[in-house]
Amino acid sequence: DCSRNAVMKPEMVKEFAGIIKNMGYTGLMLYTEDTYEVENEPYFGYMRGGYTMAELKDMDAYCGSIGIELIPCIQVLAHLGHLPRWEDYYLHMDAADVLLVGDERVYTLIDNMLSTVAKCYTTRKVHIGMDEAFYLGVGKYLHQHGYRNRSDILVEHLNRVKALTDKHGLQPMMWSDMFFHLAEDPTDGGEKHIS
C-alpha cells in the first residue's frame, strides 16, 4: 500500500520484491490511489510524493529481472479523497472520495490513468479497485440524475472502464465488495441483483 501514510521509496519496493521472491512469490501488486504520475494530469497526486513514470518503469524492469510481475493496483471509482483538494478535480467528484460516474471528465481522467499504466508496466494486468464506493450516486450524481438504482450505476461505470482497459490492451481485475454491499441494500432492490 503506497497511498496511506507514506509512499515507499523505489529502492524499498525493489528490496521488498527481492524478499518476496525469496519467499516464493511471483507477483507484487503496487497499490497507488493518487500517488503516481499520470500523463496530461499535472495535479493528479500533486504534493503526495508519488512515483514518476520513470520510477514506475524502473521498478517494473527490476521486478521483471528477478521474476516478479509488478502489477498496478489503482482506483477508478472511490478512494480518491485527495483529488478535490485541487480545483481541477473538484468537478470530478460525486460525494466524499467517489468519482462522478457518467461525467466525461471522469472518463478522460481514467483514460489517462490507464494510458500511463499501459506505458509504465510490462504486465497487461491492472487492478482497478472500485471498492468501498459507499457514496456512489448520492452526491452530485443524485442532483444531476435523480435517484437511480446504485447497482445499475456501478455496472454502467464498470462497462465504461472495461471499454477503456480494452482500448489500452489491459486485463482488469477488481474487488467485488460493492456488488455484495448493494445487493444486500434494500433501498437498491436488495436480493434482485445477486443473480
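Buried here means under 20% relative accessible area, exposed means over 50%, and partly exposed is in between (1.4 Å probe, protein chains only). By that yardstick R48 is buried, because its relative accessible area is 18%. We're looking at a predicted model, where local features need pLDDT of at least 70, side-chain atom pairs count only at pLDDT 80 or more, and totals for chains, interfaces and linings use all residues. Residues are numbered from 1 along each chain as its sequence is written, and side-chain values use heavy atoms, with hydrogens and water left out.

**Salt bridges**

- The structure has 11 salt bridges, each being a side-chain nitrogen of Lys or Arg within 4 Å of a carboxyl oxygen of Asp or Glu.
- R48 pairs with D34 in one of them, at 2.8 Å from N to O. Both residues sit in the loop between strand 1 and helix 2, so the bridge ties together parts 14 residues apart in sequence. (Helices, H or I with at least four residues, and strands, E with at least two, are DSSP runs numbered from the N terminus.)
- D34 is buried too, because its relative accessibility is 3%.
- E33 and R4 also meet in a salt bridge, at 3.2 Å from N to O. E33 is in the loop between strand 1 and helix 2 while R4 is in the segment before helix 1, so this pair ties together parts that are 29 residues apart in sequence.
- E33 counts as buried at 6%, and R4 as partly exposed at 39%.
- Over in helix 6, K162 and D166 are 4 residues apart, about one turn of the helix. Their closest N and O atoms are 2.5 Å apart in a salt bridge.
- Both ends of that bridge are partly exposed: K162 has 37% relative accessibility, and D166 has 45%.
- D1, R4 and E33 are joined into one network by salt bridges that share partners.

**Aromatic pairs**

- There are 5 aromatic pairs. Rings of Phe, Tyr and Trp (its six-membered ring) pair if their centres lie within 6.5 Å; planes under 30 degrees apart count as stacked, over 60 as edge-to-face and the rest as tilted.
- Y31 and W175 have ring centres 6.3 Å apart and planes at 65°, so they're edge-to-face. The two are 144 residues apart, with Y31 in strand 1 (residues 27-31) and W175 in the loop between strand 6 (171-173) and helix 7 (177-183).
- Y31 is buried at 9% relative accessibility, whereas W175 is partly exposed at 34%.
- Y46 and W86 make an edge-to-face pair as well, 5.2 Å centre to centre with 75° between the planes. They're 40 residues apart in the chain.
- Y46 is partly exposed at 39%, and W86 is partly exposed at 24%.
- Ring pairs also link Y43, Y46 and W86 into a cluster.

**Charges over rings**

- K140 lies over the face of Y90, 4.1 Å from the ring centre. The test is NZ of Lys or CZ of Arg within 6 Å of the ring centre and within 35 degrees of the ring normal.
- R160 lies over the face of Y107, at 3.9 Å from the ring centre.

**A buried histidine**

- H157 is in helix 6 (residues 150-167), and is buried at 0% relative accessibility.
- Leaving aside neighbours within four places in sequence, the contacts of H157 (heavy atoms within 4.5 Å) are V76, L77, V101, V106, Y107, I110 and M130.
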